[in-house]
Amino acid sequence: MHMLEGGVNFLHALMRDNQAGGSKITQLKIAQRLRLDQPKLDEVTRRIKLGSPDGYAVLLAVQGPMDRDAPPPEAGLQQRLLRNLVTYLRNKQAAGVIGLPLGGPKEREMGGMLYAFPPCDFSQQYLQTALKTLGKLEEEHLVIVVVRDSP
């Protein structure tokens with residue numbers, strides 16, 4: 001993943017697993033989908049603006065090399081290419097949604113949401129500056145938006 005904009009400290013604070021003693025998250029599981037309808041996209045945009053400058057993060061996820069020496073995934077999970085997830089989300093016209101931190105927020109700790117957007121008009125607006133640096137994206141990708149829970 002490549003950081004496009006937002007707060008790195010905020011992102012690191014949310015990307016830990018409270019059920020695993022606060023360790024770094026190794027696997028994320030999409031719990032629900034968000035339809036790519038304008039009112040829902042407007043809500044994500046509102047949450048990004050509420051989180052400015054250090055309460056949100058936007059990342060670009062691209063397929064990395066498959067690590068043959070990586071530990072096997074949890075029982076019942078399969079390791080798949082990113083393009084399979086991108087195709088699924090495109091077909092459903094939806095973004096994937098994950099609540100963070102995993103296991104629910106502890107007292108006085110912040111929580112948030114992670115949205116994984118396939119290529120679409122909404123995600124393109126966050127890629128403009130990245131495309132100037134990277135050039136055209138030939139491979140499948142996701143734009144990941146992480147926002148702080150609304151008060």
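I'll start with one pair of strands. Strand β1, residues 2–6, pairs with β5 in the antiparallel sense, over four bridges. Within that pairing, M3 stands opposite L59 in β5. Before I go further, please keep in mind that this is a predicted model.

Now the other neighbour of β5. β5 pairs with strand β8, residues 141–148, again in the antiparallel sense, over seven bridges. L60 of β5 has V143 in β8 as its bridge partner. Strands of a sheet pair through backbone hydrogen bonds, either parallel or antiparallel.

How enclosed is β5? Six of its seven residues, in the stretch 56–62, are buried, so the strand is largely enclosed by the rest of the structure.

Next, the whole sheet. Six strands form an open sheet, in the order β1-β5-β8-β7-β6-β4, with antiparallel pairing. Which strands stand at the edges? They are β1 and β4, the latter being residues 32–35, and each has a single partner strand, so one side of each is left without a neighbour in the sheet. From one strand to the next, the twist averages 25 degrees.

Staying with β8 for a moment, six bridges join it to β7, and the two run antiparallel. There, F117 stands opposite V143 in β8. So V143 comes up twice: opposite F117, and as the bridge partner of L60. In a regular strand the side chains alternate between the two faces of the sheet.

For the protein as a whole, there are four helices and eight strands. Along the sequence the pattern reads β-α-β-β-β-α-β-α-β-β-α-β. The protein has 151 residues, and buried residues make up 36% of them. Among contacts with a separation of 6 or more, 78% are between residues 24 or more positions apart.

On to helix α3, residues 82–92. Its residues L82, V86 and L89 are buried. Seen down the helix axis, the buried residues of α3 fall within an arc of 70 degrees, so they line one face of the helix. What covers them? The cover includes β5, β6, β7 and β8. The helix lies across β4, β5, β6, β7 and β8, and runs at about 75 degrees to β8. After α3 comes Q93, with a positive phi, near 50 degrees.

Now the nonpolar cores. The largest has 20 residues, and those touching the most other members are V44, I48, Y115, F117, F122, V145 and V147. Two or more residues each come from α2 (38–51), β5, β6 (94–100), β7 (112–117), α4 (121–134) and β8. Apart from this core lies another, of 16 residues, including L59, L82, L114 and A116. Two of those names are already familiar: L59 is the residue M3 stands opposite, and L82 is one of the buried residues of α3.

Let me take V147 as an example from the largest core. Leaving out residues up to four places away in sequence, V147 touches F10, L14, R47, I48, G55, Y56, G111, G112, M113 and Y115.

One name in that list is an arginine, R47. R47 sits in helix α2. Is R47 buried or exposed? Its relative accessibility is 11%, and the cut-off for buried is under 20%, so R47 counts as buried. The side chain of R47 is joined to that of D149 by a polar contact of 3.5 Å.

That is the end of my part.

How values were computed
Residues are numbered from 1 along each chain as its sequence is written. This is a predicted model: local features need pLDDT of at least 70, side-chain atom pairs count only at pLDDT 80 or more; totals for chains, interfaces and linings use all residues. Side-chain values use heavy atoms; hydrogens and water are left out. Buried means under 20% relative accessible area, exposed over 50%, partly exposed in between (1.4 Å probe, protein chains only). Two strands pair if DSSP finds at least two bridges between them. A nonpolar core is a set of buried Ala, Val, Leu, Ile, Met, Phe, Trp, Tyr and Cys residues joined through side-chain atoms within 4.5 Å. Contact means heavy atoms within 4.5 Å. The arc is that of the directions from the helix axis to the C-beta atoms. Axes are lines fitted to C-alpha atoms, for helices over the stretch in contact, and angles run from 0 to 180 degrees between N-to-C directions. A polar contact is a pair of N or O atoms within 3.5 Å; within protein, one must be able to donate a hydrogen and the other to accept it, and residues adjacent in sequence count only if both atoms are side-chain atoms.
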